[in-house]
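Student: Could we go through the helix packing and the aromatic pairs in this one?
Tutor: Yes, let us put it on screen.

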Amino acid sequence: MNTIALISGATFGLTSVILGAFGAHLLKKKLTKDQLQSFETGVKYQMYHAIILLLLGFQLNDKTTINNYIIYAFITGIILFSFSIYGLVISSANNKKIKILGPVTPLGGLFLIIGWALLIYKFCP
């Protein structure tokens with residue numbers, strides 16, 4: 001599980017830098033200020049949680065079930081939250097908004113919250 005956390009964290013970190021540059025340079029002229037801000041929110045949350053996955057990958061030495069749940073909650077949350085924002089912003093900029101992604105974003109946020117809640121639970125005596 002540590003390897004999954006480390007590879008996922010590194011991959012999400014890499015892609016957040018790429019997508020951040022993509023948004024700042026290529027999409028800046030195409031997106032409205034609000035759209036650009038939404039895109040940047042997706043990038044920020046992706047990077048924050050990529051760092052958390054890396055830290056967890058280095059720190060979680062035991063193979064308990066809760067560790068697996070924490071890691072999978074963060075991975076699922078990143079994919080659903082950040083990538084649905086990217087899809088919504090880019091599709092709406094092209095006047096072809098993918099409406100199904102609207103409810104996916106809060107679901108992704110819920111998974112991120114669950115990951116944090118499980119982390120708190122793990123650290124409680």
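Student: Where do Tyr45 and Tyr48 lie, and how many residues apart?
Tutor: This is a predicted model, in which local features need pLDDT of at least 70, side-chain atom pairs count only at pLDDT 80 or more, and totals for chains, interfaces and linings use all residues. Residues are numbered from 1 along each chain as its sequence is written, and side-chain values use heavy atoms, leaving out hydrogens and water. Tyr45 and Tyr48 are both in helix H2, three residues apart, which is about one turn of the helix; helices are DSSP runs (H or I, at least four residues) numbered from the N terminus.

Student: Tyr48 buried or exposed?
Tutor: Tyr48 is partly exposed, with a relative accessible area of 49%, where buried means under 20%, exposed over 50% and partly exposed in between (1.4 Å probe, protein chains only).

Student: And which residues make the pair between H3 and H4?
Tutor: Phe74 of helix H3 (residues 65–93) and Trp116 of helix H4 (residues 104–123), so the pair ties together parts that are 42 residues apart in sequence. Phe74 counts as buried at 0% relative accessibility, whereas Trp116, at 37%, counts as partly exposed.

Student: Switching topic, at what angle do H1 and H2 cross?
Tutor: The axes of H1 (residues 2–26) and H2 (residues 33–59) cross at roughly 155° and come within 8 Å; axes are lines fitted to C-alpha atoms, for helices over the stretch in contact, and angles run from 0 to 180 degrees between N-to-C directions. That makes H1 roughly antiparallel to H2, a word used for angles over 145 degrees.

Terms used:
Helices (H or I, at least four residues) and strands (E, at least two) are DSSP runs, numbered from the N terminus. Angles under 35 degrees count as roughly parallel, over 145 as roughly antiparallel, 65 to 115 as roughly perpendicular and the rest as oblique.
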